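User: Could you pick one part of this model and take a close look at it for me? I'd like the surroundings too, with the cut-offs spelled out as you go.

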Amino acid sequence: MTSTTDTAPPGAATPGTGPEAPPAPHDPASLKVVPARHYARWVAAVAVIVLVAQFAHGLATNPVWEWHVFRDYILSETIVQAVWVTLQLTAYATVLGFLLGTVLAFMRLSRSPVLQTVAWTYIWIFRSIPMIVQLVFWFNLSALYESLGVGIPFGPVFWSVDSNNLIGTIGAAIIGLTLHQAAYAAEIVRGGVISVDHGQLEAAAALGIPRLRQIRRIMLPQAMRAILPTAGNEIIGLLKGTSVVYVMSIGELFYQVQVIYGRNGRVIPLLLVATAWYVVLTSLLSVAQYYVERRYARGANRTPPPTPLQRARRFVRNLRAAAAQRNQPVVPLKPLGDSR
């Protein structure tokens, strides 16, 4: 008796192991992933790179820029003194303007209709008049008032002084810049104050906290987060706006540049000197604004993102760690059972 065993023909499936099932038509693993191709983005990037390269090439090769004249004047004593005058005007106008603007902001938020009306009228007038008109007006104040004094209203004057002796050219510029800046600073501060939840002040009042302490310890620290970005932009605009005082013949940066190129005729390189200084000063103000905003954001963001300096340090540490890891000798693994 012979026993026969069934042998599967070639190519047939072995019993118990069926043929591999084809992937399901909607199986995500069977789909071919094709990265998105952003052709318009690539074309725009190439166009921007070409334009930047052309501009850089023009800066390097165009003789009209006269880079040797730029090097001669960028750190000259006259220009550095003019930069110092520009910084002084900016600092005085910023401090005095925001102090006056804060008072005007709280006057607008006051329940007194008189204070509200006066503050609103001030802001309306000084935002309507161009800065250069205000500067020329204050420069010619002596034509309107020959002397300024202290005394009884509509009565006798106890002490008076000549207007020209009291308010010089720099003083007139600071007054004009301050009064102009205060109108905008008032709206910036008012916007920051009204952004604070009023319920917090009600809770502070219920706890018996005095009104001034509520403003100083509760309202202003939170309002600063809304005030700082706009205030930083306003200060940067004021720094560049000090160039308008050239109409008063004050030796700030732009006026001195005009005087120099009026003598030697090197207009383009001298304008480039002024541009370079304005870029440096605004960049420093932007860095200061970034760190001040970061400080006041601690209450809202407990883990602020790393600063550019921290990112750079982390990048350097990662590079050093990767280099140290590459330099470590490779230790061969011992085979199993090797007791040596």
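Analyst: Let's zoom in on Thr-94, which sits in helix α3 (helices are DSSP runs of H or I, at least four residues, and strands are runs of E, at least two, numbered from the N terminus). Before going further: this is a predicted model, where local features need pLDDT of at least 70, side-chain atom pairs count only at pLDDT 80 or more, and totals for chains, interfaces and linings use all residues. Residues are numbered from 1 along each chain as its sequence is written, and side-chain values use heavy atoms, with hydrogens and water left out.

Thr-94 counts as buried because its relative accessibility is 15% (buried is under 20% relative accessible area, exposed is over 50%, partly exposed is in between, with a 1.4 Å probe and protein chains only). Leaving aside residues up to four places away in sequence, Thr-94 touches Ile-235 and Leu-238, where contact means heavy atoms within 4.5 Å.

Helix α3 spans 77–108 and, along with α4, α5 and α8 (169–194), it will come up again in the core. The largest nonpolar core has 26 residues, and Leu-89, Leu-104, Tyr-122, Leu-177 and Val-245 have the most contacts inside it (a core here is a set of buried Ala, Val, Leu, Ile, Met, Phe, Trp, Tyr and Cys residues joined through side-chain atoms within 4.5 Å). Each of α3, α4, α5 and α8 supplies at least two residues of this core. The top contributor is α8, with eight residues. There's also a second, separate core of 17 residues, with Phe-70, Ile-79, Ile-260 and Leu-281 among its members.

Back in the larger core, Val-245 is worth a stop: skipping residues up to four places away in sequence, Val-245 touches Leu-89, Leu-135, Ala-173, Leu-177, Ile-250 and Glu-252.

Now for the salt bridges, meaning a side-chain nitrogen of Lys or Arg within 4 Å of a carboxyl oxygen of Asp or Glu. A search of the whole structure turns up three. One of them involves α3 itself: Arg-108 and Glu-187 meet at 3.0 Å, N to O. Because Arg-108 lies in helix α3 and Glu-187 in helix α8, the pair ties together parts that are 79 residues apart in sequence. Arg-108 is partly exposed, at 24% relative accessible area. Glu-187 also pairs with Arg-190, again at 3.0 Å from N to O. Those two are three residues apart in α8, so about one helical turn separates them. Arg-190 is partly exposed as well, with a relative accessible area of 22%. Put together, shared partners join Arg-108, Glu-187 and Arg-190 into one network.

The remaining bridge runs between Arg-266 and Glu-66, whose closest N and O atoms are 2.0 Å apart. It links distant parts of the chain, 200 residues apart: Arg-266 is in the loop between α11 and α12 (267–296), and Glu-66 is in the loop between α1 and α2. Arg-266 is partly exposed at 33%, while Glu-66 is buried at 18%. The backbone at Glu-66 also catches the eye, since phi is near 50°, a positive value in a residue other than glycine. Ser-249, in the loop between α10 (211–241) and α11 (253–264), likewise has a positive phi, about 60°, without being a glycine.

On the outside, Trp-120, Trp-124, Ile-125, Ile-129, Ile-132, Val-133, Val-136, Tyr-246 and Val-247 make a nonpolar surface patch of about 750 Å². Patch residues have over 30% relative accessible area and no salt bridge; like charges are joined within 9 Å, nonpolar side chains (Val, Leu, Ile, Met, Phe, Trp, Tyr) within 5 Å. Areas are Shrake-Rupley values with a 1.4 Å probe, and for residues only the protein chains shown count as cover. Both α4 (113–128) and α5 (131–139) supply at least two of the patch residues. Ile-125, in α4, is partly exposed at 34%, and Val-136, in α5, is partly exposed at 36%. The C-alpha atoms of Ile-125 and His-180 are 9.6 Å apart, with their positions 55 residues apart along the chain.

For context, the protein chain has 13 helices and two strands, and 26% of its 340 residues count as buried.
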